[in-house]
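Thank you all for coming; I would like to walk you slowly through one structure this morning. Please keep the picture in view while I talk.

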Amino acid sequence: MAETIAIVGLVSSIFQIVDFGSRVVSRLNEFQSSANEVPKTFRDIKIQLPLVIDTLKQTQRQADAGHVNGETAEALRPVVDECLSQIRLLEDILAKAVPAEEDPDWKRRLKAFSSFAHDGAIQQITVRLERYVQTLTYYQASQQSKPILKMPQRKTCFMVKFDQDPNFIGREDIIKEISERFKKGQHRVAITGIGGVGKSQIAIEYCYRYRASHPEAQVFWVHASNFARFEEGYKNIAKELALPGFDDPDVDTLQLVLRWLSNDVNSPWLLVLDNADNMEVLFGSSPHIPSQQNWRGPATALAGYLPRGSDGLIVITTRDRRVGERLANRQKSIPVWPFTTADAEHLLQCKVPMNDGREKVESTELLEALGHLPLAITQAAAFISENDITIAEYLEILQAGNLDTEDLLGGDLFDPGRDLEIRNSVFQTWKLSFDQIRKQKPRAAEILSLMAVLDRQAISDLLLRNDNERKIKFITAIGTLKAFSLITEEKEGAIFGMHRLVQFSTQMWLKLQHELVKWQKKALEVVSKHCPLNGNHGNWVAWRAINPHVHAVLGYAFQTESCLLQRAVILNSEGLYNKEQEQHKATYNKLTEALAIREKVLGPDHMSTLDTVFNLGGLYFDQDKLTESETVYKRALAGREKTLGSGHTSTLETVNGLGELYWHQDKLTEAEAMYKWALAGRERALGPDHASTLATVNNLGNLYKRQGKLAEAEAMYKRALVGKEKTLGPDHRLTLATVNNLGCLYMDRDKLAEAEAMYKQALEGKEKTLGPDHTSTLATVNNLGSLYERQDKPIEAEAMYKRALAGEEKALGPDHRSTLATVNNLGCLYMDQDKLAEAEAMYKQALAGREKTLGLDHTSALATVHNLGNLYKRQGKLSEAEAMYKLLEMANSGASPELAIRYMCLRRSASFQYKQALGGEERTLGPDHRSTLATVNNLGCLYMDQDKLAETEAMYKQALAGKEKTLGPDHASVLATVNNLGNLFKHQGKLAEAEAMYKQALGGEERTLGPDHRSTLATVNNLGCLYMDQDKLAEAEAMYKQALVGREKTLGPDHTLTLATVNNLGNLFKRQGKLVEVEAMYKRALVGKEKTLGPDHRSTLVTVDNLGCLYMDQDKLAEAEAMYKQALVGREKALGPDHTSALATAP
């Protein structure tokens, strides 16, 4: 035994010299290549040292071959040790004389110069090494008769204790990548991934394939999870190779195997270093071997016992990517991810055969629940087989989320492809990684614990990073989790996710440690802290990101007041987001719960409580529950006045909200009082140019516009615009909103050029500031569509509406109120173009969406009901409408079930649409609201079309009385109803009353709107028609010409209203017998209408018919026939063969 120790000691010393000396030679080579002038002694030692190393290597080979006995080894040991001493001395000198790479130029020059001072010492080392080499050479010469390099017969070992899996699935890309890297000269390759992902199985398969292609190679397997397993693996190698001293307990087995692996003579070989997960074990400064009391080896980390510079190959499997890449000489590791869907299905099918399609569906659901993790699939298959249950039964247990689920994932079933000393359960596999992380990086364990109680995907670093935490600490903690493959990071960075089984295992551990509630509270805290405070569009991206985590923490139950208040913060904030999304039920549920919490914990008059009260009022306002909204707003106002005072900004916010409510209710006097209170308070508290102050100025502009005080409205808008441009800048969204409002005002005043300029300015600014698809941008696009429609530019209008619709469907969804408003607008455009089928489709889409989202009683839904009524009236289905209305009356009076069924068909009739609208609006808004009165007016129009003149008169007079009461006698809407009464009296033959109405309307419109406004000119045109009916042809001609001049000036020569007046002039000239002038007027009207409306539009066909009548009166029968036939074909095509207009044209 003493002889063996002597030989092992000699070889160990030689090995150290070879390793140490090689590094010194490298330093000398670097010195010579970087220095301009190197002392001669340095050049001499650079030549001498490789000779020393080679001589020692020959002596090592003799010892390895068994040609050195113990006595010789004892004799040679002092010489070898002295060589090591001299080389170390040389290293010390080099450290002082040879410049380092990081040294600045001046320091490098200084060191190079100082190297000349070491000539004497270097020369002495050279002389001594020459003498030692001579001694060793004499010894080797005396052994010439013995074959120095002759090695014993090589034994081939295959030390993989696992069988090859005949059903090995997938991973061909990883097997190929390992081989490719070895071919390219990389001697160490690391494969990394989460525990249970199949790293060891890949290594086993690679070993078998390597042996098949390299039958002469040695294949070793070493488990590296701790020192004892590592040492055990090396001892097995030494024993299998029968290395000298392998059975001697005093021999350093690790050094023994390292020397053998480092000797190129022993190549080729493949070593698998399995489960090399522990950074401290592999790279720590001292071995962790509490059971090894007789350890005599050097205090070297285990990584130091892996050979370098040899021709052997090493495959490393590890959960910690950092360990793998460090062991693999900083080469990138090969990641192993969970199976693809196809490979996961294949694995399960191999282990649990499926009999029918139903089981295949269930297997897909099971694999999704297991996250395609091979270990989890294998364990599930084993449990299913051993317990003879179905996939569906296993899935039910797994998804229960109770103790049974924990038993499933914690179960430890035998797996022949895994190490017997490693636990096979999913939970225990995860725990191995987690235990190492807790020891190495406690902060990483904290982050994983927090992530486990949030939604497992799309977790922002903002939720995970502590306040004032140093960035480097957070980055390294996250890096640890990523290195162990416990979390993944999205490509955009700073967004993380985790495997569903990692999440469940972490939750399971927290529960066992009684820490689950602690981390759920932490999750509630961070989510409440990072929730956006409101649901404004600018926060939608942030809301979409945090919403899954909001839902996660709201699922936890807490009773402490602090947790309840944090919950209330989240509920209140998400309620506002839901409100902006028009998810009214969700908004109501969240706000009422938040209110209940705050009232209980903080009291009814606390500021936070009143904030939620105010938000609830806003919800009722959006739902058109105006009575409830008013009640809640008043409570908020009273509470804020009491707590904060009447001039506090929160109080003024409520006052402004009440003003908007009253404006919506058409309580314009009350609205004006609120707005003026809010304005005065905000001017005092915030200043005249503050954004909130200017918002109230803008609201006053809206109020004055509604009141018909257009000059005052313009003044308010302009003040708001100047202030916003000064305070916020010309491209701020609030500034652009006021620009847009000015455009709307100019449009109402028929200043279409000015309106277009404002809309285009707003659109350009919004596209620049907010982007082309922002909802505010799209609102202005929609406004431009309305403007172009007013200007009789249907192509441009349709383009704008379609652009707005596409953007709103994308940004807001198909059922959002703004989207549906655009759908409704498209319906109106199509109706104006006589595209009645397209109009009906748009109106029905708008009505279905509004009924679904807002309810049938909402004013927006009722507006679409009005439009459908107009459409059915336009289609000439008057008798059907009347019949349906009678059926409705019968059903409401309790008639037979058959009639009640037919009642459902009434939704198609115009009269029912108006009755339904009127009933809904009276319930929702009250009898004097402008929308209610608009419906009364529309119902009057319908009755007039049906020649129900008494009912018409009642409706018009009801509308007029309500409007005069609410809006005043000179409001544009009032004057429109006055004009309608004029039309009715004219139709009844009450021409004097008609003239009085028309003149009253005309006087008011000229005062309110101006002489060139379209409404004013419409009344002028109506007076012309009246005078024509009275045979006052001169007066009629004067009216028509006044209307024509005004319309040509305001609307253009080809506008449909202009052309209608041209047609009327033609009728007048015909009555006067001026047939040449008649034909000129009709032809001008026809050319314009064909150009503007198209040849098949109903208005175009009216003029065609008029030309036919003219030609008939002139006895131009062929021309008359051509006109009549053209009109008939067009009307049959556009309106159908049974429409009254088509029948009137038919012979």
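Before I name any element, I should say that helices (H or I, at least four residues) and strands (E, at least two) are DSSP runs, numbered from the N terminus. This is a predicted model, in which local features need pLDDT of at least 70 and side-chain atom pairs count only at pLDDT 80 or more, while totals for chains, interfaces and linings use all residues. Residues are numbered from 1 along each chain as its sequence is written, and side-chain values use heavy atoms, with hydrogens and water left out.

Let me begin with a single residue, Thr609, which lies in helix 26. Is Thr609 buried or exposed? Its relative accessibility is 0%, so Thr609 counts as buried, where buried means under 20% relative accessible area, exposed over 50% and partly exposed in between, with a 1.4 Å probe and protein chains only. If we leave aside its neighbours within four places in sequence, Thr609 is in contact with Leu595, Arg598, Glu599, Leu602, Gly603, Pro604 and Arg635, contact meaning heavy atoms within 4.5 Å.

Helix 26 (607-622) also brings us to helix 28, since helix 26 is among the elements that cover the buried residues of helix 28, together with helix 27 (626-644), helix 29 (668-685) and helix 30 (691-706). Of the 16 residues of helix 28, 12 are buried, so this helix is largely enclosed by the rest of the structure; among them are Leu652, Val655, Leu658, Leu661 and Tyr662. The expected span of a helix is 1.5 Å times one less than its number of residues, and for helix 28 (residues 649-664) that gives 22 Å, which agrees with the 23 Å between its end C-alpha atoms. Just after helix 28, Asp666 takes a positive phi of about 65°.

Now to the sheet, which is open and has five strands in the order 2-3-4-1-5, with parallel pairing; two strands pair if DSSP finds at least two bridges between them. Strand 2 (218-223) and strand 5 (334-335) are the edge strands, each pairing on one side only. Strand 1 (residues 188-192) is joined to strand 5 by two bridges, with Ile191 partnered by Ile334, and to strand 4 by five bridges, with Arg188 partnered by Ile314. Strand 3 and strand 4 pair over four bridges, and here Leu273 stands opposite Ile316.

How many residues of strand 4 are buried? Six of its six residues are, with Leu313, Val315 and Thr317 pointing one way and Ile314, Ile316 and Thr318 the other. Helix 7 (residues 199-213) lies across strand 1, strand 2, strand 3 (269-274) and strand 4 (313-318), running at about 170° to strand 3, where axes are lines fitted to C-alpha atoms, for helices over the stretch in contact, and angles run from 0 to 180 degrees between N-to-C directions.

Finally, helix 18 (residues 442-452) and helix 22 (residues 516-530) pack at an angle of about 80°, with their axes 8 Å apart. That angle makes helix 18 roughly perpendicular to helix 22, a term for 65 to 115 degrees, whereas under 35 counts as roughly parallel, over 145 as roughly antiparallel and the rest as oblique. At this packing, Glu446, Ser449 and Leu450 in helix 18 meet Trp519, Lys522, Ala523 and Val526 in helix 22.
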